[in-house]
Amino acid sequence: MGSNSISKMAARHLRILSGCNGALLSVRFFSDSTLAQEPIASTAIDSASVSPSINTAENHSQLNNNKKHSAPSSLKHAELAKFSAIADTWWDSEGPYKPLHALNPTRLAFIRSTLCRHFRKDPYSARPFEGLNIVDVGCGGGILSEPLARMGATVTGIDAVEKNIKIARLHADLDPETSTIEYCCTTAEKLVEEQRKFDAVIASEVIEHVADPAEFCKSLSALTVSEGATVISTINRSMRAYATAIIAAEHILHWLPKGTHQWSSFLTPEELVLILQRASIDVKEMAGFVYNPLTGRWSLSDDISVNFIAFGTKNS
């Protein structure tokens, strides 16, 4: 398939790579109420039809020069300072993290559906993640870690911003169901050094803020047990994303502080899939997040042109 065909695929918002072996990859998209196990749509894409090129040279290959740890770090210190400045607003649903609070139920629906299917758990159970060991990388104040714990998972939340971890601990201690969460001010690279392993590794709205996405994904892979699960959500590097996630969200609607995102740091779905493949993670499912301004709610969609989430499994 030539470049014209690829462009047509992009226009349909179904841009994704499958494994380099040419096998077909099933891409499933789920409704907002993804307790059910049946997908609302399924698309098979031949990996041989998509070019393996990836543009990460200047935007995504910067190495961090901090030598505090022996492991290479994917941290951007300017990003840490930026989020440290607003750490005390994590649980203010009308504050700077209002978009994440609104998005949370929808990304949890995708996580619940995919993990239940992969680990053969009952999606209708009140605690479907019972017995699963999950790490929330870049957990912030814990707005994703806490519902994961309430669904029965043994949760470790890590963040490189110390203030975030303090806020997360204080809030988790208010509820016996979440007080068991292990919060650590550390990095994925450091956990790899400690030889930690998890059934599922989640990095939601994090990869666009790291210095080197490829190294970051290698760390996520190293933290994942063989045949375990990895879930990443982020923003597409598209003109539509620039218009909505930066111009509209930061400069017009003021949902986010100006400078929260850098468009050049976003990854396209193709880039993310290829990076994960190189880190021994095969992406199995992907969906987009679509915002309805009339209802103020997010839903899952096959439109991955702006926000998207990917589920993959670690090669054995």
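1. Let me start with Glu130, which is partly exposed at 41% relative accessibility (the class between buried, under 20% relative accessible area, and exposed, over 50%, with a 1.4 Å probe and protein chains only). Its partner Arg127 is also partly exposed, with a relative accessible area of 34%. The two side chains meet in a salt bridge, 2.8 Å from N to O (a side-chain nitrogen of Lys or Arg within 4 Å of a carboxyl oxygen of Asp or Glu).

2. A word on the basis of all this: the model is predicted, so local features need pLDDT of at least 70 and side-chain atom pairs count only at pLDDT 80 or more, while totals for chains, interfaces and linings use all residues. Residues are numbered from 1 along each chain as its sequence is written, and side-chain values use heavy atoms, without hydrogens or water.

3. Two further pairs are worth a look. Glu215 and Lys218 form a salt bridge with their closest N and O atoms 3.3 Å apart; both residues sit in helix H7 (213-223), three residues apart, about one turn of the helix. Glu215 is partly exposed at 30%, and Lys218 is partly exposed at 46%. Returning to the pair in point 1, salt bridges that share partners join Arg127, Glu130 and Glu177 into one network. In the other pair, Lys98 and Glu94 meet at 3.3 Å, N to O; here Lys98 is partly exposed at 36%, whereas Glu94 is exposed at 58%. The count of salt bridges comes to eleven.

4. Now for the fold as a whole. The protein chain has nine helices and ten strands (DSSP runs numbered from the N terminus: H or I of at least four residues for helices, E of at least two for strands). Of its 316 residues, 52% count as buried. Among contacts (heavy atoms within 4.5 Å) between residues at least 6 apart in sequence, 70% join residues at least 24 apart.

5. Please also look at the interior. The largest nonpolar core has 36 residues, and Ile111, Leu115 and Phe129 are among those with the most contacts inside it (such a core is a set of buried Ala, Val, Leu, Ile, Met, Phe, Trp, Tyr and Cys residues joined through side-chain atoms within 4.5 Å). Helix H3 (98-119) and strand E7 (224-235) are among the elements giving two or more residues to this core, and H3 supplies the largest share, eight residues. A second, separate core of 28 residues includes Val206, Cys217, Leu267 and Ile281.

6. Finally, Leu148 makes a handy viewpoint: beyond its neighbours within four places in sequence, its contacts include Leu108, Ala153 and Ile202.
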